[in-house]
Amino acid sequence: MKNVMILSKALTFGGAERAAAALAGYMAKECNCILVVIDDENKTYESDAEIITLKQSVVNKGRGLTLLMWFVKLFFKVRKIRREYEIDECISFLTEPDLIN
């Protein structure tokens, strides 16, 4: 069975967030699927898949070197999850998750 990770910015109001939660719920029935969310503040959508939150604010990322360090920190957190769960495929939604992926 394939291990799939869906990476999303948040589960708040928005079309991409809703699509990520719905896709994760559907895929959880067909394969091992986890939904990784960068920021879990004001969660609006639920999913049947396992949800892992990285607890990083997407609002106060900073600028310049601080922003770069924010991305590097998230990259290593996502990489750790990929190795831990032996992820075969990763699907990302929106800009920040695309850069981390």
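**Figure 1. Helix α1, from end to end.** Let's start with helix α1, which covers residues 15-30 of this predicted model. Its 16 residues, at 1.5 Å a residue, should span 22 Å, and the C-alpha atoms at its ends lie 23 Å apart, so the expected and modelled lengths agree.

**Figure 2. The buried side of the story for α1.** Which residues of α1 are buried? They are E17, A20, A21, A24, G25 and M27. As you look at their spacing, it helps to remember that an α-helix has 3.6 residues a turn, so residues three or four places apart point the same way. And what do the buried residues of α1 pack against? Their partners are three strands: β1 (3-10), β2 (32-39) and β4 (89-92).

**Figure 3. The whole chain, for orientation.** Stepping back, you can pick out three helices and four strands. Follow the chain along its sequence and the order reads β-α-β-β-α-β-α. The radius of gyration is 13 Å, close to the 13 Å given by the globule rule for 101 residues, so the chain is as compact as a globular protein of that length. Along the principal axes, the C-alpha atoms fill a box of roughly 40 × 30 × 15 Å. Of the 101 residues, 42% are buried. Take the contacts between residues at least 6 apart in sequence: 65% of these join residues at least 24 apart.

**Figure 4. The surface and its charges.** About 6100 Å² of the chain is exposed, and carbon and sulfur atoms supply 52% of that area. The chain carries 14 positive and 14 negative charges, and the mean positions of the two sets are 7 Å apart.

**Figure 5. E86, a glutamate in a loop.** Look for E86 in the loop between α2 (65-85) and β4. Is E86 buried or exposed? Its relative accessibility is 58%, so E86 counts as exposed. For a sense of how the chain folds back, compare E86 with V4: they are 82 residues apart in sequence, yet their C-alpha atoms are 8.9 Å apart in space.

**Figure 6. E96, a glutamate in a helix.** Our last stop is E96, found in helix α3, which covers residues 95-100. With a relative accessible area of 10%, E96 falls under the 20% cut-off, so this residue is buried. Which residues does E96 touch, leaving aside those up to four places away in sequence? The list is K9, I38, K61, W70 and F71.

Conventions: Residues are numbered from 1 along each chain as its sequence is written. This is a predicted model: local features need pLDDT of at least 70, side-chain atom pairs count only at pLDDT 80 or more; totals for chains, interfaces and linings use all residues. Side-chain values use heavy atoms; hydrogens and water are left out. Helices (H or I, at least four residues) and strands (E, at least two) are DSSP runs, numbered from the N terminus. The expected span of a helix is 1.5 Å times one less than its number of residues. Buried means under 20% relative accessible area, exposed over 50%, partly exposed in between (1.4 Å probe, protein chains only). Contact means heavy atoms within 4.5 Å. The radius of gyration is taken over C-alpha atoms; the globule rule is 2.2 Å times the number of residues to the power 0.38. Accessible areas come from the Shrake-Rupley method with a 1.4 Å probe; for residues, only the protein chains shown count as cover. Lys and Arg count as positive and Asp and Glu as negative; His and the chain ends are not counted. The place of a charge is taken as NZ of Lys, CZ of Arg, CG of Asp or CD of Glu.
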